[in-house]
Amino acid sequence: MPLISVTPVFHDDAILGLWEMTESPTTFSSWYEEASMLYKSTIRQKEYVCVRALLREMMGRDMAILHNSDGKPFLENGYHISVSHTKGYCAVIVSLQYEVGVDIEYMSDRVSKIARKFIRDDEKAFTTVHQLLHWCGKETGYKLFSADHLDLLEMRVEPFELDERGVIRIENLRRSVAVAVDYVVMPQYVLTYGVLY
């Protein structure tokens with residue numbers, strides 16, 4: 001099984017799951033049928049079934065993922081959920097009490113080609129890892145502040161010291177509030193996740 005981890009985070013108020021997508025979407029026949037009706041792309045089918053397999057591991061049973069009028073997902077049992085996937089991996093975070101956000105991106109310098117679209121002039125992100133952390137951090141912030149419908153340039157990543165694991169602060173410039181976002185840097189990917197208390 002390609003489950004990497006299911007970990008309680010943020011004082012056990014949330015659960016973070018990570019899955020390596022190594023199997024064929026047909027491995028999970030019940031979800032594959034649904035996925036094949038929704039998506040023609042085998043990559044999208046794999047993402048669909050792996051998110052559901054990971055969610056089953058995290059919650060102990062199959063759970064329906066619903067969406068509000070803005071398209072934000074939530075679980076049938078009332079839990080908040082955030083989902084992200086990238087080349088070869090998917091990540092899910094859930095919490096009963098709090099808004100949650102997660103983002104994962106595979107390690108690649110392709111992010112530098114679009115950096116000007118999400119890195120502000122008052123931010124410093126010269127390396128690929130810094131740029132990926134800015135991207136993932138802001139994507140996580142966007143999910144946490146989803147009601148604000150922020151543009152990525154309406155958020156600022158405060159300066160931080162780079163490590164394999166750490167915390168960055170994402171400032172919502174529209175409301176002058178900030179949220180702490182945890183991060184993990186691995187050779188294969190960058191992962192960010194947070195809870196809005």
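Reader: Happy to start at the top: in what order do the elements of the chain run from the N terminus on?

Author: They run β-β-α-α-β-β-β-β-β-α-β-β-β-β, with helices (H or I, at least four residues) and strands (E, at least two) taken as DSSP runs numbered from the N terminus. That makes three helices and eleven strands in the chain. Do keep in mind that this is a predicted model, where local features need pLDDT of at least 70, side-chain atom pairs count only at pLDDT 80 or more, and totals for chains, interfaces and linings use all residues. Residues are numbered from 1 along each chain as its sequence is written, and side-chain values use heavy atoms, with hydrogens and water left out.

Reader: How do I read the radius of gyration of the chain?

Author: Take it over C-alpha atoms and set it beside the globule rule, 2.2 Å times the number of residues to the power 0.38. For 197 residues, a compact globule would come out near 16 Å, and the chain agrees because it has 16 Å. Along the principal axes, its C-alpha atoms fill a box of roughly 50 × 35 × 30 Å.

Reader: Is Phe28 buried or exposed?

Author: The scale first: buried means under 20% relative accessible area, exposed over 50%, and partly exposed in between (1.4 Å probe, protein chains only). Phe28 counts as buried because its relative accessibility is 17%. For the chain, 47% of the 197 residues count as buried.

Reader: Where does Phe28 lie, and which residues is Phe28 in contact with, leaving aside its neighbours within four places in sequence?

Author: Phe28 is in the loop between strand S2 (14–20) and helix H1 (29–38). Contact means heavy atoms within 4.5 Å, and Phe28 has such contacts with Trp19, Glu23, Val49 and Ala53. Arg52 is 24 residues from Phe28 in sequence, yet their C-alpha atoms are 9.3 Å apart in space.

Reader: What should I look for in the phi values of Phe10 and His149?

Author: Look at the sign, since most residues other than glycine have a negative phi. Phe10 has a positive value, near 55°, and His149 has one near 50°. Phe10 sits in the loop between strand S1 (3–9) and S2, while His149 sits in the loop between H3 and strand S8 (155–157). Phe10 counts as buried because its relative accessibility is 16%, whereas His149, with 44%, is partly exposed.
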